Amino acid sequence: MRSRYWNWIIYVGSRYIKSKRNNRGITPSFLSMAGISVGVMALVSVLSVMNGLQLGFIEDILEINSYHLRLSFTEEVERNSELKEAVESLKEVEALVPFKDTQTLIQGEYSDYHSVLVRGLEPSSAGRDRDFIDHLNLVEGGFSFDVDGEPGIVMGRALARRLGLSVGDRLDIVTMRGSDFSSLRPQHASFVLSGLFHSGYYQYDSSYCFVDLQNYRLLDSSTQKLVYGIKLHQAEQDRRAVESIQRLLRDRLRSEEDYELVSWRRYNRSFFSALRVEKLTMMILLGLIFAVVALNIRGALERTVMEKREEIGILRALGASSLAVRQIFLIEGLLIGIGGSVIGLLLGLVLSLNINTIFEFMEELSLRLSVIGAGSANQLYSSTKFYLDELPVRVLFSDVYLIVLFAVGASLLAALAASKRISEYNPTEILRYENE
């Protein structure tokens, strides 16, 4: 019995969607559905490109710079090699990479000084941490710190261009050495450029260098702590890994002050918070499209209710309750939301996954029009301006789910608001008024 009831509700609601108003060629329901489609398409395509940019930067930061976890010990504990082996043997840990960082100045043979960050790594770290090498993206030379017995250095391609260097060239790094602050004096350490990388993140490509941890003493004579970068099998499982490492260290160390453990969420908190705020703001601004469409749906359904007064009166006179008639218009709003969401989702996915092809086509079309004198050539997307070879795209299920849910919810709320007037209708008065 209940199935027959809902079949009747859905049937009448779908008929109202298809019905034309005053013999016009297109129904207002289809116009409302088109508005939902445009909103969903805009949100899916914009957020997909934004996710591609943001997640690309986040992965570069985690894999190249900050690691998933950072662990450091006091000088006394640092000599305990068994403790570090125990940490590396945990099931959550993929690799344990020791490193040191220093800020210094670098100079090519024919260039001025440039500020850089030099990181000392063990030569074996490239083999243990494959994700680091994959995201570093070596484009020339290799990740080697020995060039015919001389200390080698690996740097970003953008930095090498600024310095006028190529693989095999010699460069100088300025260091400040001395026993105390008053005795600090600048000294020069010579290195040979052994490799170039192009990560796609300009900050790293223009200011990061890597040297052998053994040669790091040529750059920094201070007693700086050695930091261990920990790579996990899954970056999202960092909280579980922190608990496992802390449990291990509490069992083997006398005090929690003997070590410091920092997660990537805490280390990059300000940057990641800014990205979240940026994404939330973009979603709110684009979500205003749904607010406008919801008002349009409400207005269209309210006009439908007014025009269907006689039919509503007949349905009420035949025994349909006020709730049943309201459910008809709720079903209409639901179908508008679902139909518009499906169409908009398909268009958004097609646009997102082919956006680079679309840009290439439009640039080619602009170039052809300029050749025949019908316009000027315009480059919509340039890798020299944006420092990207192509627009990255990431479609996240969570974002798509929220967009569709919001679109359908806005349609339902609009239908609910428009159907309130139905409960005020008296079928006797409606039919008597229509017959007059």
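The exercises below work through a predicted model of one protein chain.

**Exercise 1. Confidence**

Find where confidence in the protein chain is lowest and where it is highest.

*Solution.* Start with the whole chain. Its mean pLDDT is 80. Of its residues, 79% reach 70 or more. Now go to the elements. Helix 17 (residues 427-435) has the lowest confidence, at a mean of 53. Strand 9 (residues 208-212) has the highest, at 93. Where pLDDT is low, predicted coordinates should not be read in detail.

**Exercise 2. The chain as a whole**

Describe the secondary structure, burial, contacts and surface of the protein chain.

*Solution.* Count the elements: 17 helices and 11 strands. Next, burial. Of the 436 residues, 46% are buried. Then take contacts between residues at least 6 apart in sequence. Of these, 77% join residues at least 24 apart. Finish with the surface. The accessible area is about 23,800 Å². Carbon and sulfur atoms account for 55% of that surface.

**Exercise 3. The two sides of helix 9**

Determine which residues of helix 9 are buried, how they are arranged around the axis, and what covers them.

*Solution.* Check the geometry. Helix 9 spans residues 238-252, 15 residues in all. From first C-alpha to last it reaches 21 Å, close to the 21 Å expected at 1.5 Å a residue. List the buried residues: Asp238, Ala241, Val242, Ser244, Ile245, Leu248 and Leu249. They cover an arc of only 165 degrees around the axis, so they lie on the same side of helix 9. The general rule: an α-helix has 3.6 residues a turn, so residues three or four places apart point the same way. Turn to the other side of helix 9. Arg239, Arg240 and Asp251 are exposed there. Last, the cover. Elements over the buried residues include strand 1 (69-73), helix 4 (81-88), strand 10 (227-232), strand 11 (259-263) and helix 10 (264-267).

**Exercise 4. Two positive phi angles**

Place tyrosine 67 and aspartate 148, then classify each as buried or exposed.

*Solution.* Take tyrosine 67. Its phi is near 65 degrees, positive in a residue other than glycine. Tyrosine 67 sits in the loop between helix 2 and strand 1. Its relative accessible area is 1%, so tyrosine 67 is buried. Take aspartate 148. Its phi is about 55 degrees, positive although it is not a glycine. Its loop runs between strand 5 (146-147) and strand 6 (150-156). At 78% relative accessibility, aspartate 148 is exposed.

**Exercise 5. Serine 37**

Locate serine 37 and name the residues it touches beyond four places in sequence.

*Solution.* Serine 37 belongs to helix 2 (residues 28-66). Its relative accessibility is 6%, so serine 37 counts as buried. Leaving out residues up to four places away, serine 37 touches Gly340, Ile343 and Gly344.

Conventions. Residues are numbered from 1 along each chain as its sequence is written. This is a predicted model: local features need pLDDT of at least 70, side-chain atom pairs count only at pLDDT 80 or more; totals for chains, interfaces and linings use all residues. Side-chain values use heavy atoms; hydrogens and water are left out. Helices (H or I, at least four residues) and strands (E, at least two) are DSSP runs, numbered from the N terminus. Buried means under 20% relative accessible area, exposed over 50%, partly exposed in between (1.4 Å probe, protein chains only). Contact means heavy atoms within 4.5 Å. The expected span of a helix is 1.5 Å times one less than its number of residues. The arc is that of the directions from the helix axis to the C-beta atoms. pLDDT is the predictor's confidence in each residue, from 0 to 100. Accessible areas come from the Shrake-Rupley method with a 1.4 Å probe; for residues, only the protein chains shown count as cover.
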